[in-house]
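Got your viewer open and a free hand for clicking? Follow along, one selection at a time.

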Amino acid sequence: MRYFHPFLAMMLSASLIVGLSSIGFCQDSPISKISSESELIAILKSDAPGGDKALACKRLAVYGSEVAAPELGKLLTDEKLASWARIALEAIPGKASDEALRSAAGSLKGRLLVGVINSLGIRRDQEAVTMLIGELKSSDVEVASAAAVALGSIGGETASTELAKAIDSSTDVVRSAVAEGCILSAEQFMSQSNSKRATELYDLVRKAALPTQRIVEATRGAILARGDDGIPLLLEQLRSSEKPLFDVGLWSARELPGKKVVTALLDELKQADPEKAALIVQALADRKGTLDLPTIIQVAASGPRDVRIAAMSAISRVGDASCVEPLLKFALEKDADLLLPAKQALKEIQDEEARTEILKRLPTATGDLQQLLIEVVGLRRIEATDELVKALESPSAPIRKAALESLGSTLPQKDLAILIKQAVSPKNADDTAIARLALKTAAVRMPDREACATVVAEAMKNAPTETKVMLLEVLGSVTGAKALEALNAAGRDADPQLKDIATKILGDWLTIDAAPVLIDLASNGPADKYQVRAMRGYIRMARQFVISDKDRVAMCTKALEIAKQPAERKLTTEIFARYPSMGMLKLAIETTKDPELKSEATKAAQTIATKLGDKDKKQAIEMMSKAGITIPK
Amino acid sequence: MTRSENKKLPRRRVLKAAATSAGVAIFAPTIIPSSALGRDGATAPSERVVVGGIGIGRRGTYDLGCFLEQSDVQFAAVCDIKETARLNVKKIVDEKYGNQNCDMYLDFRDILDRKDIDAVLIATGPNWHCLGAVNAARAGKDIYCEKPCTKNIVQSIALADIMKRTARIFQAGTQRRNLPHFAFACYLARSGKLGKLTKVYAHPRGMQAMSSGWLPAEPEPDKSKIDWDRYLGPAAWRPFNTKHLDGFNFEKGGGLVGGGVLEWGSHCVDLCQWAVNDCPPPIEYNALENEELVATYDDGCQLIFREKGWIPLGSCPVRFEGEKGWVEAGDSGKMVLSSPELLAGRTVEEIGGYPATFHVRDFLDCVKTRSQPKGNAEAAARAHIACHAANIALFLNRKVKLDLKNYEFIGDDEANRLRSEATREPWRI
């Protein structure tokens, strides 16, 4: 199959032809290296295949000049190449491209004419206006529609006047396109500060018999074009019972600049039904330049609950430190529906000063306010250790609970001993569970887990068994070398409770560094059920963890060597076939020598052999034949 | 051919059947979205968002799952030029709802004509993204559109303009904007916690111009199986070839200047743009040097496209460097930071990574409130313009300078000609 024309082969140097793609043109095509306009035009003039001419057009889009326009214009009648030619003609500056497009338009029909009209619109060719006005009356609705939009893109008084006349076209599709043209034209008048003419066009569309979406677009434009005078029209939309119009009211409420609209929207809130008011509040909050925070706070303070919640939701996005005081009040209103959004807003406000506002209230706060502030300290991760520790002395159980939880979320590493003390010997026995949970929460947050584990392990010394068990659980969450060391020691302790918890935790360990500890416990630890548990934990790692084939074979070999129970040895052979490799095959074949495991190992070897790649199959067959194992078909 | 297809073909004209103002839905008294108000609850029919799918292949099926998880979504119809894709989506949707109601269409305009559909999910190949989105907007639908959303700079500008003009909600499929760890990393950059930003890094995965071009002609399948003309859509004509059916290699970036920068850049450059507070894109783009393309914002901060040198944090990594610290995040859901203090007592694990459904939720909430979602058209346009400009610098192999007033290159005719590309007749953006 040939995708490189002999004509080009003559033109191009041999070096360019080397490496020619056999799959048609792409960035490696020799034509994609040509920047010479004359060479590219020569391709268009030749009988080169369509693909070559297509790529030449794309190169001319970047490197062509007005000289190329006539030759490109000839392709506009070619159904296959017209779009390629327009890629170049739309891009090449100068009148020649416009002329080529206009000239072609006279003889084209249907889709090809639509394409040319689209290009003239994009090039904003003023000289095409008369021809396009004529096409507005075309019996081909696609052509008439394209002409309408192109006229809108070109803009200007003549085009917009003719578009306005055509707004009552008999065809729905053309009418919709004419409306689009009017709106495009209006935007151009707006960019030229001619809001009067823009408003006329928007109003014309707004009042015509058109699909709702065109009305929506014209309404938005009519509001923005009028500026402050557009506020009544905006409010009219917000009062509409039609959702698309209400929606465009919400949209414009965000877009219309100035402060007067804010005042109007705030007034509107008073009379809007709660469902609408809740959405208007959110629109107000999105007005970054003219945000009236005190009023949003005011809305959040009273009125229908849904509107208040919407206002609090808005405050969470746009609020600042001034919102802290009112939000605390809202949260303490004893209304469960308000508590959550108020707390959420206290958590989310991004103003750094909010931290100061919260902290300054904490020392003197009592009762519900104290509890709320403590909770917010935890939610915002504000370090306030001294105040939280003081709160642990409170006679109120909810305050102590909040303080412990917040300590869990905020305590710095240097102060970890505070929570260890609370978890080991809480002043109130009722706080034990929450203190221990807080310690775990804090411990897993610590940036230096080895230092953290060292402090926790230190606390185990001379502690009663029950405390040691709790601290071992904390270490299980912390992980790392120091935690492993402590759990290894506990697994060998004479105390069965410690052996029990340590082997349980190690059995569920989530990183491979526990493997040596587990196998050591399985072989040298206390000869009882804990040894079995350690072995099973080790086998689980070999079965589940992502490790190299070599390491997995080594772990399985070790497991078979150490495991005493038949069940564990069989469990180990189940790993073989899950991870087929030559190393695993060798181990499976070796294991067939054990009469107790012969059956499982043989099956595993056969399964592995079927899964190995071609390069290993020959050697695998040899090994299996030698071991007397049937080779699966 | 299914019942729906029989009924719907030949297609109606765009907006022909759309309601005039007398026929629009009456304002629903329960329009207030409970999710937007921070409360959960059963979904009233009036709060339901009726969604149609356009071009739902592999990626689209994932998005579809995210939509179907939302209790206030009713997925009503699918359109695809591939019969297998239509049937697959119908099966998923009908199984989810326990009925046979998901309608199938060959022509996306039939979905846009339906008055009951509020929003569309567009997950076609990139060739159709912008055109599909602007047509949906003109038909009054809100849009969740997969990335890359545009093929060139002018399309990017048009996309943002048209969403404003039509007052439609647009969410680009840049779901990382709603993944907590990426959001946190961007917050650190935006809020000044890293000090004054000096460099933001994006990993575009493949910085070369690409074009699928004009491949050898193969027999064209029956239109009911694969509609080739519709598949080409706005792309210049070429003969049918099955290799073109991989939408991920279809003339991104306007043909000769597409490629990897846009495919992944629409995610990672987008995150860099968020880190710089969605400011306008960089004003200077250097040629590729030492496997890096350096672009510079008008405040001197650099956006660096690079392939190597990343901490292994999974695909789509980004790095933000300020005068006081740095953060790096990737698709593993992990972050690495210059100082643990930046976490302010949190752990990377508790900040968390996935799921991607948050992005769909963000879109649906904004459909109800008319607020702007995180991947809105303006933000997406800026990120895409940065990618397209970088692609142009790569294609021309030299520095290009962008004027932010009109997004034209300064004194560079060749670069300016690459800002846009004609669409095939009869399509227009």
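Before you click anything, remember that what you see is a predicted model. Chain A has an average pLDDT of 91, and 95% of the residues score at least 70.

**Stop 1: the start of chain A**

Select residues 1-25 of chain A. The pLDDT stays under 50 here, and the model has 41 contacts beyond four places in sequence for this stretch. Where pLDDT is low, the predicted coordinates should not be read in detail. So let's move on.

**Stop 2: a helix in chain A**

Now pick helix α27, residues 416-424 of chain A. Which residues of α27 are buried? They are A:Leu416, A:Leu419, A:Ile420, A:Gln422, A:Ala423 and A:Val424. To find what covers them, add some more helices of chain A to your selection: α26 (397-410), α28 (432-445), α29 (449-460) and α30 (465-478) are included in that cover.

**Stop 3: one residue in a loop**

Jump to A:Leu597, in the loop that links α37 (582-591) to α38 (598-611) of chain A. Why does A:Leu597 count as partly exposed? It has 19 C-beta neighbours inside 10 Å, and a residue needs 20 or more to be called buried. Leaving aside residues up to four places away in sequence, A:Leu597 touches A:Arg569, A:Lys570, A:Thr573 and A:Thr591. Try a distance label too: from the C-alpha atom of A:Leu597 to that of A:Gly367, 230 residues apart along the chain, the separation is 69 Å.

**Stop 4: over to chain B**

Hide chain A and bring up chain B. You can colour 13 helices and 15 strands here. Of the 429 residues in chain B, 56% are buried. If you take the contacts in chain B with a separation of 6 or more, 72% of them are between residues 24 or more positions apart.

**Stop 5: the six-stranded sheet**

Select β1 to β6 of chain B. They form an open sheet with parallel pairing, in the order β3-β2-β1-β4-β5-β6. At the edges you'll find β3 (103-105) and β6 of chain B, each paired on one side only. From one strand to the next, the twist averages 20°.

Zoom in on β1 (residues 49-54) and β2 (residues 73-79) of chain B, a parallel pair with six bridges. Click B:Val49 and look across to B:Val73 in β2(B), which stands opposite.

Next, go to β5 of chain B, residues 142-145. Which of its residues point one way, and which the other? B:Asp142 and B:Tyr144 go one way, B:Ile143 and B:Cys145 go the other, and all are buried. On one pairing, β5(B) runs parallel to β4 (residues 119-122) of chain B over four bridges, with B:Ala119 partnered by B:Asp142. Add helix α5 (residues 126-138) of chain B, and you have a right-handed β-α-β unit made of β4(B), α5 and β5(B).

There's another crossover to trace. The chain leaves β5(B), passes through helix α6 (residues 153-166) of chain B and arrives at β6(B), again as a right-handed β-α-β crossover. Strands β5(B) and β6 (residues 170-172) of chain B pair in parallel over three bridges, and B:Cys145 sits opposite B:Ala172 in β6(B).

**Stop 6: the nine-stranded sheet**

Now select β7 to β15 of chain B. This open sheet has mixed pairing, and its order is β13-β12-β11-β7-β10-β9-β8-β14-β15. The edge strands of chain B are β13 (335-337) and β15 (408-409); each has a single partner strand, so one side of each has no neighbour in the sheet.

Zoom in on β10, residues 302-306 of chain B. Show its side chains and you'll see them alternate: B:Leu303 and B:Phe305 point to one face and are buried, while B:Gln302, B:Ile304 and B:Arg306 point to the other and are not buried. Strand β7 (residues 197-202) of chain B runs parallel to β10(B), joined by four bridges; here B:Val200 stands opposite B:Leu303.

Then look at β9(B), which runs antiparallel to β10(B) with five bridges. Find B:Thr296 opposite B:Gln302. These two strands, β9(B) and β10(B), form a hairpin with five residues between them, and in the turn B:Gly300 has a positive phi of about 95°.

For your last click, add β8 (residues 284-285) of chain B. Two bridges join β8 to β9 (residues 292-296) of chain B, and the strands run antiparallel. B:Glu284 stands opposite B:Thr296 in β9(B).

Key. Residues are numbered from 1 along each chain as its sequence is written. Chains are lettered from A and ligands numbered from 1 in the order in which they are written. This is a predicted model: local features need pLDDT of at least 70, side-chain atom pairs count only at pLDDT 80 or more; totals for chains, interfaces and linings use all residues. A residue is buried if 20 or more other C-beta atoms lie within 10 Å of its own, exposed if 12 or fewer, and partly exposed in between; C-beta atoms are placed from the backbone. Two residues are in contact if their C-beta atoms, placed from the backbone, lie within 7 Å. pLDDT is the predictor's confidence in each residue, from 0 to 100. Two strands pair if DSSP finds at least two bridges between them. A crossover is right-handed if, with the strands pointing away from the viewer, the path from the first strand over the helix to the second runs clockwise. Axes are lines fitted to C-alpha atoms, for helices over the stretch in contact, and angles run from 0 to 180 degrees between N-to-C directions.
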